[in-house]
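Welcome, and please open your viewer. We will move from one selection to the next, with a short note at each stop.

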Amino acid sequence: MTPQNLMLLPLSTPKLSIGCPILDHCLGGGIPCNSITELVGESGSGKTQLCLQLTVRAQLPPSHGGLGGSSVYIFTEFSFPFRRLQQLGNLYHASYPNLIRLEPLEDIYVHGVHDAQELIHVLGDIEAFIAIDHTRLPVKLIVIDSIAELFRSQYQTTPADLKRRSEMFFNISGTLKGLANKYGLAVVVTNQVVDFIGPHHGVNGVRLGNLESLDTSGRRVSPALGLAWAHCINSRVFLARHEQSIEVDIRNAPSTSICSQTHRTFHLVFAPHLAYASAEFVIKKEGIVGVLQ
């Protein structure tokens, strides 16, 4: 790379808008292309909801915050939520009838995988799929939901297995970054959390990103897969949820009733050249939406 070549590089990286100015602001404009963004959080925090939303929004042209492209969605746990994706697709088509086709799911390619080695093979198939260019829209987004599920039981805690696991991390992330840079893709992976017991500063004495600790549902947690995987991603977003009990007056009832209300928060843990940012959000029929404070 010469100084002359650097002058030819684009001044800014294309970004995929979440569709909410509040959450986009936390990310400096949206999910960046040419890199890997991780969404980490407990079950029910909104990771899959956000991923589904991104696959539909990716079809919008750049002038409307999209990438003008199709998506590949790799799922590793449970059954794929086709009904929710169909609902989002219909809502976005109604909002952008001239920009998103009547059947937006036709531009979202879904594939299930069950272990890390299978993912490597599928990523190779995806590169061939992109290169052949048989899709109506070019592939511009790859989602893996979730990466942690692939390593839940395949590897033991022996030094040899931990070494093999780390090598697999770098193999997967290297392949994803190669695809992102070669084809200008955005890559989003979800990750789970595990309970953490230890010192109050960082993980194993090492602070990763803008937060000293991650807290959700009244417990302290850390992202699954440890430090080795943390070095494989470019950006990390933590989605936290907290339940709050509130009193509700019921009409004609002799006493108040206690109900549970869920509060969700979007935290930017780390990202290149971005400071810490956070925002509360809610999950609505039309997707994830930030809340003004």
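The tour visits a core, then a pair of helices, then a single residue.

Before you start, note that this is a predicted model, where local features need pLDDT of at least 70, side-chain atom pairs count only at pLDDT 80 or more, and totals for chains, interfaces and linings use all residues. Residues are numbered from 1 along each chain as its sequence is written, and side-chain values use heavy atoms, leaving out hydrogens and water.

**Stop one: the core.** Select Ile74, Ile147, Phe151, Ile172 and Leu176, which have the most contacts inside the largest nonpolar core, a set of 43 residues. Such a core joins buried Ala, Val, Leu, Ile, Met, Phe, Trp, Tyr and Cys residues through side-chain atoms within 4.5 Å; buried means under 20% relative accessible area, exposed over 50%, and partly exposed in between (1.4 Å probe, protein chains only).

Now centre on Ile172. Setting aside residues up to four places away in sequence, Ile172 touches Ala116, Leu119, Ile120, Leu123, Ile147 and Phe151; contact means heavy atoms within 4.5 Å.

**Stop two: two helices.** Show α5 (116-132) and α6 (159-183); helices are DSSP runs (H or I, at least four residues) and strands likewise (E, at least two), numbered from the N terminus. The axes of α5 and α6 lie 10 Å apart, at an angle of about 10 degrees. Axes are lines fitted to C-alpha atoms, for helices over the stretch in contact, with angles from 0 to 180 degrees between N-to-C directions.

**Stop three: Val291.** Select Val291, in strand β14 (residues 287-291). Val291 is partly exposed, with a relative accessible area of 30%. Beyond its neighbours within four places in sequence, Val291 contacts Ile22, Glu280, Phe281 and Val282.
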